[in-house]
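Me: I have a model open and would like to go through the terms used for it. Could you take my "why is it called that" questions in turn?

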Amino acid sequence: MGAAIRSGKAAGVIFALCLPGLVCAADKPPKNPPPPKAAAAKAARQEATQQARAAQQALNSQRLLRLSQMSPEQRAAALAKLPPEQRARIEQRLENFSKRPPEQQERILNQQKRLMALPPERREQARQSLQDLINTQPPRRGVIAAQLQKLSTMNDDERTEYMNSPQFRRRFSAQEIELMNNLRGIVP
């Protein structure tokens with residue numbers, strides 16, 4: 001009985017403590033949305049940040065590609081010129097890369113070379129599509145990857161005919177088809 005009274009008192013105390021906050025929150029007028037100018041400035045800052053990130057990733061990808069092809073002595077000399085935090089991140093990425101099987105390393109290097117050979121705007125499209133593919137849920141990602149493998153064995157005319165077929169269009173969304181088009185020739 002005493003425990004029930006105590007828990008009832010505790011609930012009453014908690015309710016009494018929370019109630020003023022709820023009442024005060026309800027009395028406050030809703031916040032006004034930010035003016036359009038501020039929203040546009042925020043969107044511009046976000047866009048600039050995304051572009052800077054993409055440029056840094058491109059730089060890091062090129063750097064990793066070059067570093068992976070250097071001798072250990074050349075690599076150590078090149079890494080010694082970098083700030084400690086950046087050097088540690090790159091060394092970690094190189095270590096992760098070196099743990100992969102040789103055929104996977106070769107595939108990644110070839111993919112990176114094909115990506116770097118693209119014009120800048122096409123390269124950015126492909127990078128975004130690669131990121132979209134990575135972010136796709138696993139069952140669907142496997143279906144798309146298998147389709148990319150199949151498409152890589154076709155010439156341009158065959159690929160166009162196949163991708164325009166009703167069967168293909170029923171199996172894949174417009175976004176997935178665009179993704180596959182963007183990764184054409186990059187992801188085998």
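Reply: Happy to; what follows goes from the whole chain to single residues, and the model is a predicted one.

Me: Let's start with the fold. How many helices and strands does the chain have?

Reply: The count is ten helices and zero strands. Read along the sequence, that gives the pattern α-α-α-α-α-α-α-α-α-α. The chain has 188 residues, and 25% of them count as buried. Its accessible surface is about 13500 Å², with 58% belonging to carbon and sulfur atoms. Among contacts with a separation of 6 or more, 56% are between residues 24 or more positions apart.

Me: Now a pair of helices. Why is α5 called oblique to α6?

Reply: Start with the values: the axes of α5 (residues 102-116) and α6 come within 9 Å and cross at roughly 140°. Roughly antiparallel needs an angle over 145 degrees, and roughly perpendicular runs from 65 to 115. The crossing of roughly 140° fits neither, so α5 is oblique to α6.

Me: Which residues make that contact?

Reply: From α5 come Gln111, Gln112, Leu115 and Met116, while α6 brings Arg123, Ala126, Arg127 and Leu130. By class, the residues of this contact are four nonpolar, two polar and two charged.

Me: What makes Gln147 a buried residue?

Reply: Gln147 is found in helix α7, and its relative accessibility is 5%. Buried means under 20%, so Gln147 counts as buried.

Me: And what surrounds Gln147, apart from its neighbours within four places in sequence?

Reply: Gln147 is in contact with Tyr162, Phe168, Arg171, Phe172 and Met180, with those sequence neighbours left aside. With one of these, Tyr162, the side chain of Gln147 makes a polar contact of 2.5 Å.

Me: How do you know that Ser165 is buried, given that it lies in a loop?

Reply: The label rests on the accessible area. Ser165 sits in the loop between α8 and α9, with a relative accessibility of 15%. That value is under the 20% cut-off, so Ser165 counts as buried. Tyr162 appears here too: its backbone oxygen lies 2.8 Å from a polar atom of the Ser165 side chain.

Me: Let's move on to α10. Which of its residues are buried, and which helices do they pack against?

Reply: The buried residues of α10 are Glu176, Ile177, Leu179, Met180 and Asn182. They pack against α6 (120-135), α7 (138-152), α8 (156-163) and α9 (166-171).

Me: Why is Glu178 called partly exposed?

Reply: Glu178 lies in α10, which spans residues 174-182. Its relative accessibility is 48%. Buried would need a value under 20%, and exposed a value over 50%. Since 48% falls in between, Glu178 counts as partly exposed. Its C-alpha atom is separated by 8.4 Å from that of Ser129, although the two positions lie 49 residues apart along the chain count.

Me: One more residue. What makes Arg100 partly exposed?

Reply: Arg100 is found in the loop between α4 (84-98) and α5. Its relative accessible area is 36%. Set that against the limits of 20% and 50%: the value lies between them, so Arg100 is partly exposed. Leaving aside neighbours within four places in sequence, Arg100 is in contact with Gln105 and Ile108.

Technical notes. Residues numbered from 1 in each chain as written. Predicted model: local features only at pLDDT ≥ 70, side-chain atom pairs only at ≥ 80, totals over all residues. Heavy atoms only, no water. Helix = DSSP H or I, 4+ residues; strand = E, 2+ residues; numbered from the N terminus. Buried < 20%, exposed > 50% of the residue type's maximum accessible area, 1.4 Å probe, protein only. Contact = heavy atoms within 4.5 Å. Areas by Shrake-Rupley, 256 points an atom, 1.4 Å probe, with all protein chains shown as cover. Axes fitted to C-alpha atoms, helices over the stretch in contact; angles between N-to-C directions. Parallel < 35°, antiparallel > 145°, perpendicular 65-115°, else oblique. Nonpolar A, V, L, I, M, F, W, Y, C, P; charged D, E, K, R; others polar. Polar contact = N/O pair within 3.5 Å; in protein donor to acceptor, adjacent residues only side chain to side chain.
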